[in-house]
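Student: I have a structure in front of me and would like to learn how to read it. Where should a newcomer start?

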Amino acid sequence: MSQVIDDDPRIIEFDVRTDEMLVNMGPQHPSTHGVLRLVLRTDGEVVSEVEPHIGYLHRCAEKIGENISARQFIPYTDRMDYLAGMNMNLGWSLAVEKLMRLQVTEKARHLRVLIAELGRIASHLVGMGAYGLDLGTFSPFLYAFREREKILNLFEEACGARLTYSYITVGGLTADLPPGWLGRCEAFLNEFEPIIREYHALLTTNAIFVKRTGGIGVLSPEMAINYGCSGPVLRGSGVDQDMRRDGEPIYTAMYDGYAFEVAVMKDGTYPRDRAYPAVPADAVLGDCWHRFFVRMLEVVQSMELIRQAIDRYSACTGSLGEPVKIAEKIPAGDVYLETECPKGQMGFYLIGNGTPKPWRVRARSSSFSNLSVLPELCHGCLIADVPAIVGSLDIVMGEIDR
Amino acid sequence: MAEYLIQTMGLPGWLTWSLLAVLSAVLILNLMAGGALVFIWAERKVSARIQDRLGPTRTGGRFGWLQSLADGIKLLAKEDLMPERADKMLFRVAPYVSFCASFAAFIGLPFAFDMVALRLNVGVFYVVAVLGLEVFGVILAGYASASKWSLFGAMREAAQVVSYEVPLGMCIVVPVMLAGTMDLVTIAEKQSGWFTNWYLFHDPFTFVVFWVYTTCAVASVNRAPFDLAEAESELVAGFHTEYSGLRWSFFYMAEYSSMFLVSGLAAILFLGGWNGPVPIASLLGLSEGSGESTGAFVRLLGLANFLGKATLGVLFMMWIRWTLPRLRIDQVMTTCLKYCTPIAAVMFAGAMTWLWVFPGGC
């Protein structure tokens, strides 16, 4: 019976519709930031559903952490968010120090701030450059890498590695800075500061860039909080939260005495939008443009923190302190600590049982939570918006899959 | 030349014409292939300099000038892959359709006075019509690849190129109207003299039309920021995702020669063709007709002028490609239908009025 109705020409005529298509984006797609796989359900160019599939980079880091000592786990944290290894080292070190009730020396504290903020700049530069790539402009990517290369040179001088540093470690840092390093760091900052304007000209205020990002993937503050988003994704939605200011005492103590404003839109303005471009009319709070802009502001903020840290570090007279022994026993008890990594709040949870090896290690990835809003953001967007939204979340698969 | 061969060599007419046709085809094919190689190399160097890199430096000694050739050899040696579910025949045919469309359009394009393979009295019409065929190759490639990404690219190309031909055609009609002919050689000849005689500076309307033409030309040859059909970050590589080796290089060559073609067309329609900004030849009292050797000299000068202008156009396209982000498909269509088409139409009407008010120029 239904066959007859379906074949009725009147129904066919008024029931012409296009078929939905199931497209697989990734894990070898050029703009999925590594090995993310997205299954898109599309009607022509319009995406109706996005389903992220993860796990292509899973390396059992957490389980490995239960079989090695707490300090030996540091190199594994490097490989989580491999674009901000320093910040990952710091997160784990602080968590272990919290469990061991260790306090690093004043000099180590300032050096940690200095290094972590440099790492933040390096990470945001990649995020910014890769975002340009997602939107089809290649040059900003290379400009960003040119500057990042200079930061990596500084890191290489300090610890010998360019990507997986293991520099910040439990109880301090593995080595002090080589002579002349601070001068070179300052030279870099002076060189880098005027260049930021060029990035704004190429991306932030570019008409096509604003058209591609303004009003796209709007994430409301409520949804951002409900999904556990953090970092620039959360602040891009106008939620004023930064672990460096609102975190646990052991972490905020590190930034004691440092002056910085959290990069978040308050009453319609950003703290520093005097010197930097005004918010374009097309941009809506919580869209891709705001997430991107928050990152750009944090680069400036980090530069100011670095300048302060350089002063404080060079004023310190004491020693850097010694890191704990490789097989140092960690006390029984459990501890959870979140730090503000460039991508968001990275949490480490560990349970000690009196042996050098933690009994349990867990990592709470910011990229994971940030990625989880993707299906919500991609309802009814166009295919071209999917890379734009994924890029604005600035995810790193190494951290999501661990 | 045909008359010369027939009269002095005593060759039969049909043989002469066939010989000349083969000669022209070989010349154009080589020019196109050679030009594409040069432009591919130039794109590498230009993009590298824009991005603070060096680009190729070693292949062929200084400046890596043999890089494109080396790439070509690499592409020849590459494994020829075809997706299992591809429509085999169409998959093979598609690159040649694109390439031939691009190649055939050159037949009507004059490079200097009398330096045209076939002088057509509907030259503009022919070039634009044949160039429009290139889109068939892309659609075929996208369809035959049996890949969803390729199909997306093909459908985007179809929508985009077909839409942009409307404002493109309107822009082209303006110089045609001013010259009163569709013959490209005559259009260029009418702009001889100082650069103020160029149609770009004919009246305010043509000046605007030129920029609309530039936008539409960039869009119709699929260059950034309108490279939607191969949008790398969205569609992997768009319509040529499944292509490799020599077949892929045919698409590549077609892209670069189309770029040259639309730039050359812009040079003839708006920038005086082979007439330089300063009429050096006529200041010196030379002309195309004055004697064998001086005539050849003047023609070569014209050729240099024309190639220079067209190359500048290509470099301009490279410059914007490495500077701007890509538009989204709906924005591309909006740009065409809401901005380019109405502006072109108004400018067309404006130029028409101007011609009516100042019939002899102002």
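**Reading sheets, helices and an interface**

Tutor: Start with a sheet in this predicted model. In chain A, E6, E7 and E8 make up an open sheet of 3 strands, ordered E6-E7-E8, and the pairing is antiparallel.

Student: Which strands of chain A are the edge strands of this sheet?

Tutor: E6 and E8 of chain A, since each pairs on one side only. As for the angle between neighbours, strands next to each other in this sheet are turned by 10° on average, direction ignored.

Student: How many bridges join E6(A) to E7(A)?

Tutor: Strand E6 (residues 333-341) and strand E7 (residues 344-352) of chain A are joined by 9 bridges and run antiparallel. The link between E6(A) and E7(A) is a hairpin through 2 residues. To follow the pairing residue by residue, take Glu338(A): its bridge partner in E7(A) is Gly347(A).

Student: And what is the bridge partner of Gly347(A) in E8(A)?

Tutor: Arg364(A). Gly347(A) therefore serves as a reading point across the sheet, with Glu338(A) as a partner and Arg364(A) in E8(A) as another. E7(A) and strand E8 (residues 360-364) of chain A pair over 5 bridges, in the antiparallel sense. Elsewhere along this pair, Tyr349(A) stands opposite Arg362(A) in E8(A).

Student: Which helix lies across E6 and E7 of chain A?

Tutor: Helix H5 (residues 85-100) of chain A, which runs at about 150° to E6(A).

Student: What is the strand order of the sheet that contains E1 of chain A?

Tutor: The order is E1-E2-E3 in chain A; these 3 strands form an open sheet with antiparallel pairing. E1 and E3 of chain A are at the edges with a single partner strand each, so one side of each has no neighbour in the sheet. From one strand to the next, the twist averages 20°.

Student: Which residues stand opposite each other in this sheet?

Tutor: Go pair by pair. E1(A) and strand E2 (residues 37-43) of chain A run antiparallel and are joined by 5 bridges. Along them, Leu22(A) has Arg41(A) in E2(A) as its bridge partner, and Asn24(A) stands opposite Val39(A) in E2(A). The next pair is E2(A) with strand E3 (residues 46-53) of chain A, antiparallel over 7 bridges. There, Leu38(A) stands opposite Pro52(A) in E3(A).

Student: How many residues lie between E2(A) and E3(A) in their hairpin?

Tutor: There are 2 residues between them, and Gly44(A) in the turn has a positive phi of about 65°.

Student: Now a helix, please. What is the general idea?

Tutor: An α-helix has 3.6 residues a turn, so residues three or four places apart point the same way. A helix can also be checked against its expected span. At 1.5 Å a residue, the 29 residues of H6(A) should span 42 Å, and the C-alpha atoms at its ends are 42 Å apart, which agrees.

Student: How many of the 29 residues of H6(A) are buried?

Tutor: The count is 28 of the 29, so H6(A) is largely enclosed by the rest of the structure. After H6(A) comes Gly136(A), whose phi is positive, near 95°.

Student: How many residues of chain A are in contact with chain B?

Tutor: 26 residues of chain A are in contact with 23 residues of chain B. Strand E1 (21-25), helix H6 (106-134), helix H7 (139-159) and helix H9 (207-213) of chain A each supply at least two residues of the side that touches chain B. By type, the residues on this side of chain A are 14 nonpolar, 7 polar and 5 charged.

Student: What can be said of chain A as a whole?

Tutor: Count elements, then look at overall size. Chain A has 18 helices and 8 strands. Its C-alpha atoms fill a box of roughly 90 × 50 × 35 Å along the principal axes. With 402 residues, a compact globule would have a radius of gyration near 21 Å; the value for chain A is 23 Å, which agrees.

Student: What share of chain A is buried?

Tutor: Buried residues make up 50% of the 402 residues in chain A. Of the contacts in chain A with a separation of 6 or more, 73% are between residues 24 or more positions apart.

Definitions and conventions
Residues are numbered from 1 along each chain as its sequence is written. Chains are lettered from A and ligands numbered from 1 in the order in which they are written. This is a predicted model: local features need pLDDT of at least 70, side-chain atom pairs count only at pLDDT 80 or more; totals for chains, interfaces and linings use all residues. Two residues are in contact if their C-beta atoms, placed from the backbone, lie within 7 Å. Helices (H or I, at least four residues) and strands (E, at least two) are DSSP runs, numbered from the N terminus. Ala, Val, Leu, Ile, Met, Phe, Trp, Tyr, Cys and Pro count as nonpolar, Asp, Glu, Lys and Arg as charged, and the others, Gly among them, as polar. Axes are lines fitted to C-alpha atoms, for helices over the stretch in contact, and angles run from 0 to 180 degrees between N-to-C directions. The expected span of a helix is 1.5 Å times one less than its number of residues. A residue is buried if 20 or more other C-beta atoms lie within 10 Å of its own, exposed if 12 or fewer, and partly exposed in between; C-beta atoms are placed from the backbone. The radius of gyration is taken over C-alpha atoms; the globule rule is 2.2 Å times the number of residues to the power 0.38.
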